[in-house]
Amino acid sequence: MIYVLISIIVLGLILIVIFRSRYTFQNATTQINKGEIDPLYIDISDIDKMEDGSEFEMYLYRLLLAVSYKGVVKTVGSRDFGADLVFTDRSGTRNVIQAKRYSIENPVGISAVQEVYSSMRYYKAKKSIVITSSTFTGPCETLAGVNYVKLLDRKDLIEIIDLFKKGNLEKVKNIIESEPRMILESWSEYTDDDLKIKTDKKAEQLVISR
């Protein structure tokens, strides 16, 4: 009788261990699924709630894959050399992207353009893009226009999200691949002798006073 009772207790303990293991596994699986970033279920409010830029980078990475771009790569965060993502567009041209998940009150400055533009040679890319959930400062837009860097702001991002959810993948690509705004339209503007350059008056005064 005692042996039977011990057997029942041992069997009960084994069943408890198995049940707890399955419960833990199911919970872990659920957490992983919840943690996945599916662009089909993400909107601008979800992007605004993201804790850091890495989630936004992952969203864009999944989006580029979902619209069937080739050669899509998410770079290593600590040493990305100025590019968060790399992809090849429909024309076969390699692009580099810098992603900026900023609040609407915090516009993106010129450093984003400087970094992504300088990363092109490292990644052997011919085009560069900055995508943000915010807007861009005036100087940022000017520098981008001079260096042929594509800027996609919050309005563009919302349109991309809306078109993607509707299944208009070609229109999404049209926005991403559209030509950037150019400020200098011809070589003559580079060689204009009348072009005025803002100078540091304090530095000039120091030279004159010596």
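**Sheet**

I began with the strands and found five of them in an open sheet, ordered E1-E2-E3-E4-E5, with mixed pairing. I note here that the model is predicted. Which strands stand at the edges? I looked and found strand E1 (70-74) and strand E5 (150-152) there; each has a single partner strand, so one side of each is left without a neighbour in the sheet. I also looked up the twist, which averages 20° from one strand to the next.

Next I took the pairing of E1 with strand E2 (residues 85-88). The two run antiparallel and are joined by three bridges. I then asked for the bridge partner of lysine 70 in E2, and I got threonine 88.

**Aromatic pairs**

I searched the whole structure for aromatic pairs and it returned three. I wrote down one of them, tyrosine 69 with phenylalanine 87, a tilted pair with 4.6 Å centre to centre and 45° between the planes. Where in the chain do tyrosine 69 and phenylalanine 87 sit? I placed tyrosine 69 in the loop between H3 and E1, and phenylalanine 87 in strand E2. The two are 18 residues apart, and the pair links distant parts of the chain.

**Helices on the sheet**

I checked which strands helix H3 (residues 53-66) lies across, and I listed E1, E2, strand E3 (94-100) and strand E4 (127-132). I have its direction as about 170° to E1.

I did the same for helix H7 (residues 169-177), which lies across E2, E4 and E5. I noted that H7 runs at about 125° to E5.

**H6 with H7**

I turned to helix packing and started with helix H6 (residues 154-165) against H7. Their axes are 8 Å apart and the packing angle is about 160°. Angles over 145 degrees count as roughly antiparallel, and H6 and H7 are therefore put in that class. I recorded the crossing of H6 past H7 as left-handed.

Which residues meet in this contact? From H6 I listed Glu159, Ile160, Leu163 and Phe164; from H7 I listed Leu169, Lys171, Val172, Ile175 and Ile176. I sorted the residues of the contact of H6 with H7 by class and got seven nonpolar, no polar and two charged.

**H3 with H6**

I then looked at H3 against H6. The axes come within 12 Å and cross at roughly 45°. H3 and H6 are therefore oblique to each other. I entered this crossing, H3 past H6, as left-handed.

On the H3 side I found Phe56, Tyr59, Leu63 and Ala66, and on the H6 side Leu157, Ile160, Ile161 and Phe164. How many polar residues does the contact of H3 with H6 have? I counted no polar and no charged residues, against eight nonpolar. I see that Ile160 and Phe164 of H6 are listed in the contact with H3 and also in the contact with H7.

**H4 with H5**

Last I looked up helix H4 (residues 110-123) and helix H5 (residues 138-147). I read an angle of about 25° between them, with the axes 7 Å apart. That makes H4 roughly parallel to H5.

For H4, I listed Ile110, Val113, Gln114 and Tyr117 in the contact; for H5, I listed Pro139, Cys140, Leu143, Ala144 and Asn147. By class, I got seven nonpolar, two polar and no charged residues for the contact of H4 with H5.

Conventions:
Residues are numbered from 1 along each chain as its sequence is written. This is a predicted model: local features need pLDDT of at least 70, side-chain atom pairs count only at pLDDT 80 or more; totals for chains, interfaces and linings use all residues. Side-chain values use heavy atoms; hydrogens and water are left out. Two strands pair if DSSP finds at least two bridges between them. Helices (H or I, at least four residues) and strands (E, at least two) are DSSP runs, numbered from the N terminus. Axes are lines fitted to C-alpha atoms, for helices over the stretch in contact, and angles run from 0 to 180 degrees between N-to-C directions. Contact means heavy atoms within 4.5 Å. Angles under 35 degrees count as roughly parallel, over 145 as roughly antiparallel, 65 to 115 as roughly perpendicular and the rest as oblique. A crossing is left-handed if the near helix is turned anticlockwise from the far one by less than a right angle, and right-handed if clockwise. Ala, Val, Leu, Ile, Met, Phe, Trp, Tyr, Cys and Pro count as nonpolar, Asp, Glu, Lys and Arg as charged, and the others, Gly among them, as polar. Rings of Phe, Tyr and Trp (its six-membered ring) pair if their centres lie within 6.5 Å; planes under 30 degrees apart count as stacked, over 60 as edge-to-face and the rest as tilted.
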